[in-house]
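Work through the following exercises with the model open beside you. Each task is followed by a solution that proceeds step by step.

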Amino acid sequence: MSSALAILGGRPLRDRPFPRWPVFDERERAQVLDVLESANWGGFPSPNRKAGELSEKFAAFQSARFAVPTTSGTTALEAALKALGIGPGDEVIVPAITFAATAYAPVACLARPVFADVLADNGCIDPSSVRKLITRRTKAIIPVHYGATLADLDALSKISREHSIPIVEDCAHVPGAQWRERGAGAWGALGCFSFQTTKPMTAGEGGMITTDDPELEQRCQSIINCGRRRPGDTFEGPVLGANYRMTEWQCAVLLAQLARLPEQIEKKSRLAARLRAGLDSVRGLRAVARDPRVTREAIYAFIFIVDEAALGVSRNRFVRALRAEGIPAGVGNEPVYRSALFPRQSAPYRAACEMAGAKTDAPIDCPVAENLFEHAMVAIPHECLLGDEREVDDIVAAAEKVARNAAALKNADLKRQEPSS
Ligand SMILES: Cc1ncc(COP(=O)(O)O)c(C=O)c1O
């Protein structure tokens with residue numbers, strides 16, 4: 001084995017690709033053909049044939065009474081907040097570390113997103129930060145189950161009960177996860193899932209809302225179906241909706257994906273335990289631990305934490321070196337309030353702040369999130385855990401190799417060493 005780092009001109013530790021994503025087989029083919037030949041392709045009448053079947057199966061899988069398919073995780077979050085009646089003047093607490101969609105959803109209701117800090121050991125929303133941010137305007141809390149773990153649903157449920165503030169779980173990363181043997185998305189008033197291409201269950205695009213509350217289910221169905229009521233719907237008041245209906249194509253593919261998911265979850269979880277043990281044995285690295293309350297572990301991104309001082313080189317250099325060794329490592333999500341995808345100069349955000357009596361440029365204090373993103377977090381995509389032990393062992397060996405060469409990496413002039421682009 002070459003000992004020189006690939007980023008410094010040595011041979012990469014791994015030159016084979018990791019398993020391809022998405023995974024599909026005859027099941028998806030048969031499902032799509034079935035829709036084609038039915039000549040019933042859209043989401044109308046809602047819920048349509050495959051949509052009804054998917055709702056039923058997905059709800060059962062997540063231990064919820066109902067599930068409502070939507071066009072994306074983003075529209076699932078937006079519809080969930082609208083079903084709760086969230087609107088101008090309200091505030092919604094979201095974690096600092098997440099994709100823009102979590103913060104966009106309140107703004108789509110003209111409510112103000114308020115950014116809570118996260119926990120240093122897993123990147124999920126910090127319940128003590130949530131407590132400090134609650135005001136009389138707070139109308140929902142959106143924890144994100146980040147990467148491969150779940151936010152502390154015990155602590156958050158307690159806060160929710162004490163303050164009568166509903167939780168909307170952002171489960172985009174974790175279809176199939178369970179907390180204390182009950183599905184993610186079934187703990188909050190509503191749960192929201194994404195089936196976008198990179199997610200562990202995908203139709204290219206798509207989303208799902210879970211809930212146990214019949215009235216919220218009816219409202220969600222109406223919101224995603226241009227405001228229509230189904231016969232028998234009993235909720236009161238007008239609903240302004242839009243077309244956020246999932247197509248039958250997506251539902252069909254997701255039925256096949258859902259059938260395969262338990263076996264993938266089991267495999268990824270088994271390999272994640274091996275990866276965790278391997279990385280934990282490298283000085284300066286610590287994988288996010290599996291919370292014993294997570295009784296079924298679903299993985300979108302395997303997250304581990306770098307201690308730059310103990311490792312002897314910056315997280316950024318470490319990740320660049322790991323990538324050069326053939327490991328598709330990333331650095332996770334940046335604090336959403338400074339993401340280019342969440343412009344705080346935008347008119348809707350400014351309007352949402354104004355209506356909540358807040359300044360658009362009010363200071364945001366999330367030091368843990370800042371440090372995680374700038375110096376600590378590393379993310380490995382879930383498909384790396386869909387191979388076998390060799391794949392995982394390569395990730396560990398690459399991390400060990402980079403760690404062993406930390407001093408050389410720290411002092412290298414990387415710009416000169418890199419191929420010109
Ligand atoms: C945490 C989180 N929430 C919501 C979303 C939005 O999902 P979608 O891309 O399906 O709209 C994503 C997508 O990446 C996400 O990572």
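**Exercise 1: the nonpolar core**

Determine how many residues the largest nonpolar core has, and which of them have the most contacts inside it.

Solution. In this predicted model, the largest nonpolar core has 136 residues, and those with the most contacts inside it are Ala80, Leu81, Cys192, Ile209 and Ala399. Turning to the elements that supply this core, one finds that the largest share, 11 residues, comes from helix 8 (residues 248-280). As a last step, take Ala399 and set aside its neighbours within four places in sequence; its contacts are then Leu279, Val282, Leu285 and Leu322.

**Exercise 2: two packed helices**

Describe the packing of helix 2 (residues 49-61) and helix 8 by angle and axis distance, and identify the residue classes at their contact.

Solution. Begin with the geometry: the two helices pack at an angle of about 35°, with axes 8 Å apart, and the crossing of helix 2 and helix 8 is left-handed. Next, list the partners, among them Leu54, Phe58 and Phe61 in helix 2, which meet a set in helix 8 that includes Leu254, Leu255 and Leu258. Finally, sorting the residues of this contact by class gives 9 nonpolar, no polar and 5 charged.

**Exercise 3: the ligand shell**

Establish how many residues surround the ligand and how they divide by class.

Solution. The ligand is surrounded by 14 residues, of which the closest are Ser72, Gly73, Thr74, Ala172 and Ser194. Helix 3 and helix 4 (100-108) are the elements that give two or more residues to this shell. By class, the shell has 4 nonpolar, 9 polar and 1 charged residues.

Note on methods
Residues are numbered from 1 along each chain as its sequence is written. This is a predicted model: local features need pLDDT of at least 70, side-chain atom pairs count only at pLDDT 80 or more; totals for chains, interfaces and linings use all residues. A nonpolar core is a set of buried Ala, Val, Leu, Ile, Met, Phe, Trp, Tyr and Cys residues joined through C-beta atoms within 7 Å. A residue is buried if 20 or more other C-beta atoms lie within 10 Å of its own, exposed if 12 or fewer, and partly exposed in between; C-beta atoms are placed from the backbone. Helices (H or I, at least four residues) and strands (E, at least two) are DSSP runs, numbered from the N terminus. Two residues are in contact if their C-beta atoms, placed from the backbone, lie within 7 Å. A residue is near a molecule or strand if its C-beta atom, placed from the backbone, lies within 6 Å of it. Ala, Val, Leu, Ile, Met, Phe, Trp, Tyr, Cys and Pro count as nonpolar, Asp, Glu, Lys and Arg as charged, and the others, Gly among them, as polar. Axes are lines fitted to C-alpha atoms, for helices over the stretch in contact, and angles run from 0 to 180 degrees between N-to-C directions. A crossing is left-handed if the near helix is turned anticlockwise from the far one by less than a right angle, and right-handed if clockwise.
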